[in-house]
Amino acid sequence: MPSNKSVSDAPIVQFTNCRILRDHQLQREDLWVREGKILNPEKLFFDEKGSADAQLDCKGSIIAPGFIDVQINGGFGVDFSLATDDFKSGIDLVSQKILSHGVTSFCPTLVTSPPSVYHQVLPQISVRNGGAHGAGVLGAHLEGPFISREKKGAHPEHCLRTFEAGAFQDLLATYGSLDRVRIVTLAPEMERSSEVIRELTKRGICVSLGHSVANLSQAEEAVQHGATFITHLFNAMLPFHHRDPGIVGLLTSDKIPPGRRVFYGMISDGIHTNPAALRIAHRAHPKGLVLVTDAIAGMGLAPGRHTLGQQVVEIDGLNTYIAGTKTLSGSVATMDTCVRHFQEATGCSVETALEAASLHPAQLLGIEHSKGTLNYDSDADFLMLNDSLYVQATYIAGQEVWRQDASGM
């Protein structure tokens with residue numbers, strides 16, 4: 001075949017002998033990549049009269065979009081809610097380490113903290129693409145401090161805040177800047193929360209409802225003002241009640257504006273949510289489910305004492321508690337573990353489990369045209385997995401950034 005040099009000098013790589021997750025189905029076809037993007041082979045053959053420069057035999061692997069973690073508080077000894085001078089090196093370490101768990105993009109998450117921490121940390125978070133250096137950073141997720149005292153969970157009470165007269169100005173003063181912020185979790189029952197939700201949404205920031213005692217009508221009102229996400233469903237909110245299902249009721253609400261989808265995060269670690277509750281949520285609203293790790297600094301470390309922002313936490317197996325209490329405080333589960341547990345607990349298809357960690361978070365953030373799918377022209381951020389959904393290799397922009405050691409899992 002004639003070469004493809006007339007269109008681009010960049011090499012074309014053809015991944016063969018694989019099953020690609022595309023259009024919600026695993027399909028037996030090849031994956032073509034050029035210049036960090038997924039290539040349409042028909043255009044290559046018929047328009048460019050081109051061919052592949054290199055072929056890679058995937059040996060029957062599943063190829064799926066890279067995972068996107070929109071709620072991760074840290075890991076591997078790094079706590080994103082601790083203000084340090086070398087904060088950037090902490091982000092770099094986590095972004096490198098999560099590649100082995102299939103995460104190609106993430107939102108570093110800060111729990112409720114004093115204003116000084118936001119002012120020091122947020123300027124050090126740079127939104128960037130992933131690569132050999134690690135997973136891409138999509139922007140910060142600020143979980144608190146505008147949340148409910150009754151449902152504060154592991155958040156320090158002395159740092160909680162309410163909206164005063166100049167509600168949005170209060171928020172700006174607390175955070176310092178919204179330039180690098182992608183998601184804000186707040187309690188919608190708070191006075192003046194509606195105007196804050198409208199302002200954040202206007203700026204393209206995703207508003208999530210959580211750590212809240214809101215009833216269903218308060219939650220529905222928040223969605224009508226622009227909120228699109230629920231932070232770790234069932235955790236830190238009123239339990240489902242048949243006369244007023246609270247925030248949980250958004251999953252089947254008939255008051256959601258036309259064309260709007262409410263997404264909800266689930267910590268599928270076998271600890272935070274009983275498998276039956278996971279099944280109930282998934283069956284009620286499968287297209288809104290977003291797997292999150294809610295991982296803390298202790299992820300990837302031995303059991304013992306670690307931090308979560310202003311608090312000390314103890315890790316005992318997969319359980320993480322505020323030291324000296326039985327209050328759960330984040331998770332130490334990795335994203336690939338959450339995907340496998342979700343599939344096992346719900347009996348859903350492999351495709352559904354993989355999309356809950358890729359397509360759905362991309363749709364939540366409005367980036368599904370470039371990430372979370374293997375559609376033509378989207379970013380070539382993808383994983384090779386075996387049939388048991390263990391990650392074998394991670395690719396970002398078409399380049400291999402991590403591969404499983406041949407010695408075993």
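**Exercise 1.** Is leucine 328 buried, partly exposed or exposed?

*Solution.* Take the classes: buried is under 20% relative accessible area, exposed is over 50%, and partly exposed lies in between (1.4 Å probe, protein chains only). Leucine 328 has a relative accessible area of 28%. Leucine 328 is therefore partly exposed.

This is a predicted model: local features need pLDDT of at least 70, side-chain atom pairs count only at pLDDT 80 or more, and totals for chains, interfaces and linings use all residues. Residues are numbered from 1 along each chain as its sequence is written, and side-chain values use heavy atoms, with hydrogens and water left out.

**Exercise 2.** Find what serine 329 touches, and classify its accessibility.

*Solution.* Contact means heavy atoms within 4.5 Å. Residues up to four places away in sequence are not counted. Serine 329 then touches Ala154, Ile296, Leu308, Val313, Thr320, Tyr321 and Ile322. At 1% relative accessibility, serine 329 is buried.

**Exercise 3.** Explain why cysteine 18 and cysteine 338 form no disulfide.

*Solution.* A disulfide is a pair of cysteine sulfur atoms within 2.5 Å. For cysteine 18, the closest cysteine sulfur is in cysteine 58, 4.4 Å away, so it is too far for a bond. For cysteine 338, the closest is in cysteine 348, at 13 Å, again too far. The structure holds zero disulfides. Cysteine 18 is buried, at 3% relative accessibility. Cysteine 338 is buried too, at 0%.
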